[in-house]
Amino acid sequence: MNRRSQGERTETTRAALMLAARGLFEERGYAGTGTPEIVAAASVTRGALYHHFTDKAELFEAVVRQVAQEVADEIARQASGHSDPAEALMAGAQAYFAAMAGRGRARLLLLEAPAVLTAEQVMALSDLAGFQALQEGLRQALPAEGARLPLRELAVLMSAVFDRAALAIARGEAAAPYEKATRLLLSRLVAG
């Protein structure tokens, strides 16, 4: 008989809790999900939940950090390989829209997280999900103006634009018009 180590059992339990919580948070939202439902869906005890997470909020933060990392990974995978900085920005935007269209991602990252987490935690999620890459992309696409422009603030504004588009796409609106509008916005920005 192959016995699992304590570390393997711990990781299995943590993963089961996160998977169960993610499904429930996607379906019902944070406020509509109770810890009894989470432990039942994960087939673990309440003690196991509180062994791994201080409370439901800490579990939620772990779930949304995992989702933000998935988004960042998909953007990196889909947007790499562009030598033209403006095209790299556009590819990154399209990759963000596609990644955020994944089941529950827009709800968790753009609706639930700001309602549950602190502003600092939400900004950390944004950084994880691609904000730093967006800021760097803008710096590369605007090299001559970059020193004179408030690049961080510009990235904050562009991020908000992308988030609104991602919410609309996640609600079922067609992505193509948002991609076209993004291309227009980025081309005008880069052209000066």
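## A chain built from helices

The stretch of residues 34-53 is 75% helix and 0% strand, and its end C-alpha atoms lie 14 Å apart. In the UniProt record, an unreviewed entry, the annotation "DNA-binding region" covers residues 34-53. Keep in mind as you read that this is a predicted model.

### The whole chain

Let's step back and look at the overall picture. The protein chain has 10 helices and zero strands, so reading along the sequence gives the pattern α-α-α-α-α-α-α-α-α-α. Taken along the principal axes, the C-alpha atoms of the protein chain fill a box of roughly 65 × 35 × 30 Å. The protein chain has 192 residues, and 39% of them count as buried. Its accessible surface comes to about 10,500 Å², with 55% of that belonging to carbon and sulfur atoms. Now take the contacts in the protein chain between residues at least 6 apart in sequence: 67% of these join residues at least 24 apart.

### Two helices, checked by length

A helix can be tested with a little arithmetic, using 1.5 Å a residue. Here are α4 and α5 side by side.

| Helix | Residues | Expected span | Distance between end C-alpha atoms |
|---|---|---|---|
| α4 | 24 residues | 34 Å | 34 Å |
| α5 | 16 residues | 22 Å | 22 Å |

For α4, the distance agrees with the expected span, and the distance for α5 agrees with its expected span too.

The ends of α4 are worth a visit. At the N-terminal end, D55 caps α4: one of its side-chain oxygens lies 3.3 Å from the backbone nitrogen of A57. Just after α4, G81 takes a positive phi of about 90°.

In α5, the buried residues are L89, M90, A91, G92, A93, A95, Y96, F97, A99 and M100. What covers them? The cover for the buried residues of α5 includes α4, α6, α7, α9 and α10 (175-191).

### The nonpolar core

Which residues of the largest nonpolar core touch the most other members? They are Y96 and L109, in a core of 54 residues. Helices that each supply at least two residues of this core are α1 (6-28), α2 (35-42), α4 (56-79), α5 (85-100), α6 (105-116), α7 (119-141) and α9 (151-170). With 10 residues, α4 gives the most to this core.

Follow L109 in the structure and you can trace its surroundings. Not counting residues up to four places away in sequence, L109 touches V64, V67, A68, V71, M100, P114 and L125.

### One arginine and one alanine

Is R105 buried or exposed? R105, which lies in helix α6, counts as buried because its relative accessibility is 9%, and the cut-off for buried is under 20%. A polar atom of the R105 side chain lies 2.8 Å from the backbone oxygen of A99. Leaving aside neighbours within four places in sequence, R105 is in contact with R22, V67, E70, V71, E74, A99, M100 and L110.

A40 makes a good contrast to look at next. A40 has its place in helix α2. With a relative accessible area of 56%, A40 is exposed, since exposed means over 50%. The C-alpha atoms of A40 and F25 are separated by 14 Å, and these residues are 15 residues apart along the chain.

Key: Residues numbered from 1 in each chain as written. Predicted model: local features only at pLDDT ≥ 70, side-chain atom pairs only at ≥ 80, totals over all residues. Heavy atoms only, no water. Core = buried A, V, L, I, M, F, W, Y, C linked by side-chain atoms within 4.5 Å. Buried < 20%, exposed > 50% of the residue type's maximum accessible area, 1.4 Å probe, protein only. Helix = DSSP H or I, 4+ residues; strand = E, 2+ residues; numbered from the N terminus. Contact = heavy atoms within 4.5 Å. Polar contact = N/O pair within 3.5 Å; in protein donor to acceptor, adjacent residues only side chain to side chain. Expected span 1.5 Å × (residues − 1). Areas by Shrake-Rupley, 256 points an atom, 1.4 Å probe, with all protein chains shown as cover. UniProt positions renumbered as here; feature names shortened; annotations may be inferred.
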